[in-house]
Amino acid sequence: HARTLEVLEAVIDATYYCPEAPEAGSSRRKPEPGMLLEAARDRRLDLPRSWMIGDKAADVLCGVAAGCRSILVQTGEGLRADASGAAYVAKDIADAADFILKHRDASP
């Protein structure tokens with residue numbers, strides 16, 4: 001995580017994570033949308049025009065619950081994840097980025 005932020009510091013404004021254990025029932029733990037709603041409030045994001053990219057079904061569901069468009073990447077757990085609700089299933093993060101750039105002006 002630290003290395004990713006170091007490499008991408010010019011394009012990442014903030015990061016969010018849920019420190020609570022899964023059994024704590026936190027609204028910030030995916031698939032609940034708490035972290036995305038917090039980020040939207042803090043960063044003034046337009047969630048319907050935003051994208052959630054992840055490699056787990058919980059990532060897709062989190063994005064959908066927050067009102068984002070979601071992409072499932074087929075790396076990691078994404079090969080086995082349910083893509084229900086995903087606007088697109090990408091082979092990797094580069095494919096997801098290409099899809100977003102091609103559809104960035106499309107209405108949600």
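**Entry: helix H2**

I started at H2, where E1 and H3 are among the elements that cover its buried residues. I use the labels as DSSP runs numbered from the N terminus, with helices as H or I of at least four residues and strands as E of at least two. Covering here rests on contact, meaning heavy atoms within 4.5 Å. I call a residue buried under 20% relative accessible area, exposed over 50%, and partly exposed in between, using a 1.4 Å probe and protein chains only. On that basis, the buried residues of H2 are Gly 34, Met 35, Leu 36, Ala 39 and Ala 40. Right after H2 comes Arg 44, and I noted its positive phi, near 55°.

**Entry: how far to trust it**

A reminder to myself: this is a predicted model, so local features need pLDDT of at least 70 and side-chain atom pairs count only at pLDDT 80 or more, while totals for chains, interfaces and linings use all residues. Residues are numbered from 1 along each chain as its sequence is written, and side-chain values use heavy atoms, with hydrogens and water left out.

I looked up pLDDT, the predictor's confidence in each residue from 0 to 100. The protein averages 88, and 91% of its residues reach 70 or more. Where is confidence lowest, and where is it highest? The low end is helix H1 (residues 2-7) with a mean of 68, and the high end is H2 (residues 34-43) with 96.

**Entry: the whole chain**

I counted up the secondary structure and got four helices and three strands. Read from the N terminus, the elements go α-α-β-α-β-β-α. The radius of gyration is 14 Å, close to the 13 Å of the globule rule for 108 residues, so the protein is as compact as a globular protein of that length. That radius is taken over C-alpha atoms, and the rule is 2.2 Å times the number of residues to the power 0.38. I also have the C-alpha trace spanning about 40 × 30 × 30 Å along its principal axes. Buried residues make up 30% of the 108. Of the contacts with a separation of 6 or more, 32% come from residues 24 or more positions apart.

**Entry: strand E2 and its neighbours**

Next I went to E2 (residues 69-73). Five of its five residues are buried, so E2 is largely enclosed by the rest of the structure. I recalled that side chains in a regular strand alternate between the two faces of the sheet. Here Arg 69, Ile 71 and Val 73 point one way, while Ser 70 and Leu 72 point the other.

Which strands pair with E2? I take pairing as at least two DSSP bridges between two strands. E1 (residues 51-54) pairs with E2 in the parallel sense over four bridges. E3 (residues 88-90) also runs parallel to E2, joined by three bridges. In that second pair, Leu 72 stands opposite Val 89.

I then traced E1, H3 (residues 57-66) and E2, which make a right-handed β-α-β unit. Right-handed means that, with the strands pointing away from the viewer, the path from the first strand over the helix to the second runs clockwise.

**Entry: three residues up close**

Ser 70 sits in E2, and it counts as buried because its relative accessibility is 1%. Met 52 stands opposite Ser 70. What does the side chain of Ser 70 reach at 3.1 Å? I found the backbone oxygen of Val 60 there. That is a polar contact: a pair of N or O atoms within 3.5 Å, where within protein one must be able to donate a hydrogen and the other to accept it, and residues adjacent in sequence count only if both atoms are side-chain atoms. Leaving out residues up to four places away in sequence, Ser 70 also touches Trp 51, Gly 85 and Tyr 88, among others.

Asp 59 lies in H3 and is buried too, at 4% relative accessibility. With the sequence neighbours up to four places away set aside, Asp 59 touches Lys 30, Met 52, Gly 54 and Ser 70.

Is Ile 53 of E1 buried or partly exposed? It counts as partly exposed, at 31% relative accessibility. Ile 53 stands opposite Ile 71 in E2. Beyond four places in sequence, Ile 53 touches Ile 71, Val 73, Ile 93, Ala 96 and Ile 100.
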